[in-house]
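Please examine the ligand site of this structure, together with one loop residue. The discussion takes the form of questions and answers.

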Amino acid sequence: MQVTPPMTAERAREIAAAFDLRALPEDFYANPFPVYAALRETDPVHRMPDGSWFLTRYADLVAVYRDAQSFSSDKKVEFTPKYGAGAPLLEHHTTSLVFNDPPLHTRVRKLIMGALTRRAIADMEPGLVLLVESLLDGIEAEGGGDLVEDFASAIPVEIIGNLLAVPRDERGPLRAWSLAILGALEPKLTPQQEELGNRSVTEFLDYLRVLVADRRKHPGDAEHDVLTRLIQGEATGEKLSETELLQNCVFILNAGHETTTNLIGNALVALEEWPQARAQLLRAIGTQPDWDALEPVMTLAVDEFLRFESSNQLGNRRAVKDCEVGGVALPAGALVTLCIGAANRDPAQFANPDVLDLARENNRHLAFGFGIHQCAGLSLARLEGRVAIGRFLARFPRYRLTEPPTRGGRARFRGFLQAPFAV
Ligand code: HEM
């Protein structure tokens, strides 16, 4: 159970002063929360050795997210030296909507949101339930498996694949591409990670060019198919360029993968560590679950999993003018890391923040970000979380991990690579 142990004020100051996102100690990945607490309490707007800033207080993150005029999401300045001019990773990340400001951001977002309406998401539920139940059948037949490989990661790849209507037998490489491309966002990269990331962008684009050409000839149902929507463009006739179209498809296919895998994997591992929370949720689910009636209970639980072990721990912005955050003056050009994982454990916002409370009310966590870039797929992610976690528990109430789970070892995306279990 990860309860942050008390720490002397002096020790907290030492830890905060030494904090450098590019030089994290190995034990940080298992439990970063004491370090986050030390920063939040003693140096919430922390200057790192590279001159950038690391923010850990909930109120400060909200203030930055809210002020998209002062804090840009455009990453060209930051990523050009990181990846080098002409690198596929540079073109990809600087063309995706999440790393752009309006007007490109607004145009792409509007197109995507049209296929993620309440109705479109409700229409996905029956297929999702069938998929989850068939994965559970396979696990039951084997008497267990791996929470991440056999369950958590198998769900988003299908759901996002459906969202862009990627043919089923072509989905195999999607997860590896996605892990490599998003992995290249880590604060520090090895040459191998960079090479793999660049190669993955190139391969992904080669694949998508063929898919897009085919979809142009045979358009899908624009109510449900994001790719057809992006190709057709807005009713006003404004279309995305070919590069914008392809790179944003890559982004959407990536955005919903690892994040949702980690939501499901983190939740099922956390329930092993919090037996009371698990017993409480199992009691609510009962032996003959009425899933419609359980929706509010599962929604609260999923949001608490998201708060407690946020899949995406870090966000970034760049100050475009002189501004102030949490009483600290930041100059124009300041690079800011928003620590979602720390803000979601801020006692100024959440009572008993280090306790997993699956019935937590008024849980305004920042796991999906906030403001104009707030996650476009949040309703879809919540649906996947509810169905996957709820049905897994109903089928295997006594599941147990058979080996310690293996962490992904990333600062930005928090999750497990493997978690073997028996039912
Ligand atoms: C548990 C699962 C998920 C988490 C924790 C998550 C988290 C986030 C966060 C924190 C952002 C904001 C980034 C920023 O402001 O810098 C974001 C943006 C985004 N997410 Fe998600 N996400 C999840 C699932 C999904 C899914 C399933 C989709 C599928 C459509 C998706 C699509 C997007 C898109 C398109 C954006 C960019 C929005 C914009 O820039 O306006 N996400 N997500």
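The following turns treat the ligand site and then a serine in a loop of this predicted model.

Q: Which residues come nearest to the ligand?
A: The ligand has 25 residues around it. Those that come nearest are His105, Arg109, Arg317, His373 and Cys375.

Q: How many Å separate an oxygen atom of the ligand from an N or O atom in the side chain of arginine 317?
A: Polar side-chain atoms of histidine 105 and of arginine 109 each lie 2.6 Å from an oxygen atom of the ligand. For the side chain of arginine 317, the corresponding distance from an N or O atom to a ligand oxygen is 2.9 Å.

Q: Which helix gives the most residues to the shell around the ligand?
A: The ligand takes up the space of the largest cavity. Two or more shell residues come from each of the helices H6 (104-113), H9 (154-163), H13 (242-255) and H14 (258-273). The greatest contribution, three residues, is that of H14.

Q: How many charged residues does the shell around the ligand have?
A: By class, 14 residues of the shell are nonpolar and nine are polar. The charged residues of the shell number two.

Q: Is serine 70 buried or exposed?
A: Serine 70 is placed in the loop that runs between helix H3 (58-66) and strand E3 (71-72). Its relative accessibility is 5%, and the cut-off for burial is under 20%. Serine 70 therefore counts as buried.

Q: Which side chain joins that of serine 70 in a polar contact of 2.6 Å?
A: Beyond four places away in sequence, serine 70 touches Arg318, Ala319, Val320 and Lys321. The side-chain partner in the polar contact of 2.6 Å is aspartate 67.

Key
Residues are numbered from 1 along each chain as its sequence is written. This is a predicted model: local features need pLDDT of at least 70, side-chain atom pairs count only at pLDDT 80 or more; totals for chains, interfaces and linings use all residues. Side-chain values use heavy atoms; hydrogens and water are left out. A residue is near a molecule or strand if one of its heavy atoms lies within 4 Å of it. A polar contact is a pair of N or O atoms within 3.5 Å; within protein, one must be able to donate a hydrogen and the other to accept it, and residues adjacent in sequence count only if both atoms are side-chain atoms. On a 1 Å grid over the protein atoms alone, a cavity is a set of points where a 1.4 Å probe fits but cannot get out, and a pocket is an open set with protein on both sides within 12 Å along at least five of seven lines; lining residues have an atom within 4 Å of a point. A molecule sits in a cavity or pocket if more than half of its atoms lie within 2 Å of its grid points. Helices (H or I, at least four residues) and strands (E, at least two) are DSSP runs, numbered from the N terminus. Ala, Val, Leu, Ile, Met, Phe, Trp, Tyr, Cys and Pro count as nonpolar, Asp, Glu, Lys and Arg as charged, and the others, Gly among them, as polar. Buried means under 20% relative accessible area, exposed over 50%, partly exposed in between (1.4 Å probe, protein chains only). Contact means heavy atoms within 4.5 Å.
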